[in-house]
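Good morning, and thank you for coming. Please look at the structure on the screen while I describe it.

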Amino acid sequence: MGILDSLLSRRSIRRFKNEPLKNGDLETILAAARRAPSDAGAQLYSILRVSDPELRRELARLSGGQKHLVEAAELFVLLADIHRLQRLLQQRGKRMADWPRTGLHFSLVDAALAGAHLAVAAEALGYGACWIGGLLNDPIEVARLLGLPRGVIPLSGLVVGVPDEDPEPRPRLPQKLVLHENRYHDYASAELDEAYSAMAKASRRGDWLFVLERYFASGGTMEERDPAYGVLAARQGFAADWPPSAARLAEQEDLQAGSLGEALARLLAAGWRGVMFSREEGGFTVWLEEETRAERGEGDSPARALAEALASARSG
Ligand SMILES: Cc1cc2nc3c(=O)[nH]c(=O)nc-3n(C[C@H](O)[C@H](O)[C@H](O)COP(=O)(O)O)c2cc1C
């Protein structure tokens, strides 16, 4: 099939035959992935191929028991990766600057583009593919299992294999709802109703709201995933105000947070009456206060000073 036909008829495949990819196809789809464009040509991504069956089973379990992670011929994990870039600079005696937000942004983009190329190439060769965001149910455990160093965070899994089902293409929003011209055009109520009508078949119950609610409304999957993602992002160096050194120290004191703001909210919820920062020569000082007690911390950033005060509270 030509690549355009393949793109226009593509759909996720979740049932696979127990067959490997044909000789040479793995190399072809990986070559297609590596052809993807990347910001500044830096290729801020890695592809981790999971060939260990036991590891696959564990990742399938963490993704909510999705069988296709085990049954597909191949399981890849697409990784946003600025670790290799840091190593490359270090190799020539340079120090990478601190750019946690844009680092996360561009490395996720690069990883998504490489993954999309990989999937499209596989589909053009007649294979089926399905992305696996379910890995983000427990991103901290996934990062541990895969041995991800600082600067690397999982984007998503991606399974590829010989299809054992032939589902109809699934619905999409009408073009006019996703395409804006020259200026963003906000949605009229009738257009939103049109979106629900167009997407009705995305739900077995015939109402897209069930899907949107389950994932995105209060109490849904995304809200559940968010705190752990924040903690992992901070650990891996992608949080602007909660650097890995502070995150690690605070975690040793039972404070898991993805940002300084989250850390403060947790401390106040845990019964501290106040947290007072001051800037002093050479760094920051923080006082953690309870009615009869105050703990002092010092550091070269508010986060570090706060983590030191926490450690002092624990040992005091
Ligand atoms: C980032 C991402 C994560 C996804 N995660 C999963 C997943 O964990 N399990 C799954 O079966 N499908 C997953 N999907 C597939 C979507 O459910 C699917 O693309 C969507 O329902 C539209 O269906 P279609 O791809 O067949 O057109 C994911 C897709 C993307 C892009």
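I shall go from the overall layout to the sheets, and then to the surroundings of the ligand.

Please keep in mind that we are looking at a predicted model. The protein has 316 residues, of which 29% are buried. Its C-alpha atoms fill a box of roughly 70 × 55 × 45 Å, taken along the principal axes. The secondary structure consists of 14 helices and 7 strands.

How is the protein divided into domains? Domain 1 covers residues 3-161, domain 2 covers 175-223, and domain 3 covers 241-315. Between the centres of domain 1 and domain 3, taken over C-alpha atoms, there are 36 Å.

One further figure concerns contacts along the sequence. If we take the contacts between residues at least 6 apart in sequence, 66% of them join residues that are at least 24 apart.

Let us turn to the strands. As a general reminder, strands of a sheet pair through backbone hydrogen bonds, and the pairing is either parallel or antiparallel.

In this protein, an open sheet of 4 strands runs in the order E1-E2-E4-E3, and its pairing is antiparallel. Which strands form the edges of this sheet? They are strand E1, residues 45-49, and strand E3, since each pairs on one side only. On average, neighbouring strands of this sheet are turned by 25 degrees against each other, with direction ignored.

Within the sheet, please find strand E3 beside strand E4, which spans residues 152-161. These two strands run antiparallel and are joined by 5 bridges. Across this pair, Cys130 stands opposite Val159 in E4.

A second antiparallel pair is formed by strand E6, residues 283-290, and strand E7, residues 293-299, with 7 bridges. A hairpin of 2 residues links E6 to E7. Here, Val286 faces Gly297 of E7.

Finally, I come to the ligand. Which element gives the largest share of the shell around it? That element is strand E3, residues 128-132, which supplies 3 residues. The residues surrounding the ligand include Cys130, Trp131 and Ile132, followed by Gly133 and Gly134. Also among them are Arg11, Ser12, Arg14, Ser63, Gln66, Ser156 and Arg170. By character, the shell divides into 3 nonpolar, 6 polar and 3 charged residues.

To close, I would draw your attention once more to Cys130: this residue belongs to the surroundings of the ligand, and it also stands opposite Val159 in the pairing with E4. Thank you for your attention.

Definitions and conventions
Residues are numbered from 1 along each chain as its sequence is written. This is a predicted model: local features need pLDDT of at least 70, side-chain atom pairs count only at pLDDT 80 or more; totals for chains, interfaces and linings use all residues. A residue is near a molecule or strand if its C-beta atom, placed from the backbone, lies within 6 Å of it. Ala, Val, Leu, Ile, Met, Phe, Trp, Tyr, Cys and Pro count as nonpolar, Asp, Glu, Lys and Arg as charged, and the others, Gly among them, as polar. Domain bounds come from an automatic or database domain assignment. Two strands pair if DSSP finds at least two bridges between them. A residue is buried if 20 or more other C-beta atoms lie within 10 Å of its own, exposed if 12 or fewer, and partly exposed in between; C-beta atoms are placed from the backbone. Two residues are in contact if their C-beta atoms, placed from the backbone, lie within 7 Å. Axes are lines fitted to C-alpha atoms, for helices over the stretch in contact, and angles run from 0 to 180 degrees between N-to-C directions.
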